[in-house]
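Trainee: Before I take this model back to the bench, can we go through the labels one by one? I'd like to hear what stands behind each of them.

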Amino acid sequence: MITHTAMEFIKKKLCEGERLDDRKLKEYREIVIERGVGENAEGSARVKIGQTEVIAGIKMQVGEPFKDTPNEGILITSAEFMPFSSSEVEPGPPTVDEIELGRVIDRGIREGKVIDLEKLCIVEGEKVWTIFVDIYLVNDDGNMYDASSLAVMNALMDVKIPKLDENYEIIEGEFNGKLPIRHKVVSLTAYKVGNVIFYDPNAKEEEVVDARLTAGIRDDGKIVSLQKGMEGSFKYDEIIPTLRELKERGLEFIGKYVQ
Amino acid sequence: MSRKFIRNDGRKPEELRRPYKIKLGVVPRANGSALVQSGKTIVMAAVYGPKKVIPKHLEDQEKAILRCRYNMITFSVKDRKKPGPDKRSAEISKLIENALSNVVMLEEYPRTAIDIYLEVIQADAGTRVAALTAASLALADAGIAMKDLIPSTAAGRVNGHIVLDLNKEEEDVEDAIDLPFAYIPSTKEVVLLQMDGIADIEEIEEIIEMAKKGCDKIYEMQIKAIKEKYGSYLEE
């Protein structure tokens, strides 16, 4: 929680094009990527954007396919805010904010056809790989969407698929190659306060944000998902210019942070 | 874009589904209600409030709280839907709530709750946009102070053609794009925007343009429905 006066001040500064930490409106904080942060996960990554920290882990299990996709693996994404990630979080069942984060990140990966799910079929109609993508917000200093997306994409690229024995049981410590990744996708977010569009808010700036627009950007420059979030709005004429900025930044980030 | 292109249900690309129907007062017990039908998609909305907030600690001294529940009934889809909330319905409820908060004058009703219930009776794609269209009508029908109505529809791409108001068969086509959209006609504020599918920015530009035009048609129907029911009051 910050005071009303502080909020007014931050908002006024942003509307004048200035930020508390002297960044430009479109400037990100330092981004640090680290892969392999949990030995028991098939793949994992930690992303820090400034002081915001997200870890993502991938677990793989042999499961049954869905009836309508008998020859495809299954992707299940969820997100959790760790109770210590901010003073606002209460432990308990998933909140709608956690659900939305998980679903927005999932949509980028799924719609962008990041993983060749058909290659994760083991026995058609009977056994396929289920990929659990789990996102944990460790410390919330704003812009958890971008951090989560970078963490998930890096965790997916970190995956080593477990080897299976003749009974389709996982053989501990033996691996069978990487995930069949066809595309890289990052979901990036533009934030709006008053009439100003800016990027990568810290937690204090996020308190005054009216609306956000997240776009999934694929390595071939395609947009693969969109979501306007929060209570406020973007003007009709702002959408396309914002998407162009997001696309440019997305391609830059894929080159820099998803290798 | 070929003008001759005819869709699986005989529509032109820029046409809403037929019938596109709006009906007010479908739940007489509620303070306000509306039904929106777009082709085979049918959604009912009803409003209770402004009313006492339960539990009381959720009360806001300065404004009303808006609570929205989107739900699909078990036989609204081919395979019976498990009753109760799931992640998808939680997300949609929140998105609709967010969109509506831009038009409902919540400060007029401090320390109260306004509950909006949205029930999908029959689903053939486009249920969230029909729900949002119905929700703003139900709020107006309840006499709640609003800055504007919110018309909502989806547009997208099917087999390479940009089309309005996709049905389920169109949405399920390989390579389809679906973009649910809503805006406030009087201010041009976009209050719902989502997209599934793989698109170029140029295509998105065309799709939102088509969605906006579709919203303008729905907006006319919304106003007509309100005038038909309340016209005599408006003239006084």
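Trainee: What is the bridge partner of A79(A) in β6(A)?

Mentor: In this predicted model, A79(A) has I135(A) as its bridge partner in β6(A).

Trainee: And what makes β4(A) and β6(A) a strand pair?

Mentor: Pairing takes at least two bridges. β4(A) and β6(A) are joined by eight, and they run parallel, so by the cut-off of at least two they count as paired.

Trainee: Which other strands of chain A does β6(A) join?

Mentor: Strand β3, residues 52–63, runs antiparallel to β6(A), residues 127–139, with eleven bridges between them. There, M60(A) sits opposite I131(A). Strand β5, residues 121–123, is antiparallel to β6(A) as well, with two bridges. C121(A) stands opposite V128(A) in that pair. The β5(A)–β6(A) hairpin has three residues between its strands, and G125(A) has a positive phi near 80° there.

Trainee: How do you know that β9(A) and β10(A) pair?

Mentor: Same style of check: they have four bridges, in the antiparallel sense, against a required minimum of two. K192(A) faces I197(A) in β10(A). This hairpin has two residues between the strands, and G194(A) takes a positive phi near 55°. In β10(A), V196(A) and F198(A) point one way, I197(A) and Y199(A) the other way, and all are buried.

Trainee: Why is R23(A) called buried?

Mentor: Its relative accessibility is 7%, and buried means under 20%, so the label fits. R23(A) is in the loop between α1 and β1 of chain A.

Trainee: What does the side chain of R23(A) make a polar contact with?

Mentor: With the side chain of D21(A), at 3.0 Å. A polar atom of the R23(A) side chain also lies 2.9 Å from the backbone oxygen of E27(A). Beyond its sequence neighbours, R23(A) touches residues including Y28(A), Y199(A), P201(A) and N202(A). R23(A) also belongs to a network of salt bridges with R19(A), D21(A), R29(A), D141(A), D200(A) and E205(A).

Trainee: Why is the R212(A) and E100(A) pair called a salt bridge?

Mentor: The closest N and O atoms are 3.3 Å apart, and the rule asks for within 4 Å, so the pair qualifies. R212(A) is in strand β11 and E100(A) in helix α2 of chain A, so this pair ties together parts 112 residues apart in sequence. Both residues are buried.

Trainee: What makes R107(A) and E91(B) a link between chains?

Mentor: R107(A) lies in helix α2 of chain A and E91(B) in helix α1 of chain B, so their salt bridge joins two chains. The closest N and O atoms are 2.8 Å apart, again within the 4 Å cut-off. R107(A), at 10% relative accessible area, is buried; E91(B), at 1%, counts as buried as well.

Trainee: Is K229(B) buried or partly exposed?

Mentor: Partly exposed, with a relative accessible area of 39%, a value that falls between the 20% and 50% limits. K229(B) forms a salt bridge with D141(B), at 2.9 Å between the closest N and O atoms. K229(B) sits in helix α4 and D141(B) in helix α2 of chain B, 88 residues apart. D141(B) is buried, at 8%.

Trainee: How many salt bridges does the rule find across the interface of chain A and chain B?

Mentor: Six. One of them is R244(A) with E205(B), with the closest N and O atoms 3.6 Å apart, which is within 4 Å and therefore meets the rule.

Trainee: How many residues does the contact take from each chain?

Mentor: It takes 31 from chain A and 33 from chain B. The buried area is about 3000 Å², with carbon and sulfur atoms giving 59%. L226(A), K228(A) and Y236(A) supply 23% of what chain A buries against chain B, more than any other three residues.

Trainee: Where do strands pair across the chains?

Mentor: β13(A) and β9(B) pair in the antiparallel sense over two bridges, which just satisfies the minimum of two. F234(A) stands opposite V190(B) in β9(B).

Key. Residues are numbered from 1 along each chain as its sequence is written. Chains are lettered from A and ligands numbered from 1 in the order in which they are written. This is a predicted model: local features need pLDDT of at least 70, side-chain atom pairs count only at pLDDT 80 or more; totals for chains, interfaces and linings use all residues. Side-chain values use heavy atoms; hydrogens and water are left out. Buried means under 20% relative accessible area, exposed over 50%, partly exposed in between (1.4 Å probe, protein chains only). Contact means heavy atoms within 4.5 Å. Buried area is the accessible area (1.4 Å probe) that two parts lose on being put together, summed over both. A salt bridge is a side-chain nitrogen of Lys or Arg within 4 Å of a carboxyl oxygen of Asp or Glu. A polar contact is a pair of N or O atoms within 3.5 Å; within protein, one must be able to donate a hydrogen and the other to accept it, and residues adjacent in sequence count only if both atoms are side-chain atoms. Lists of a residue's contacts leave out its neighbours within four places in sequence.
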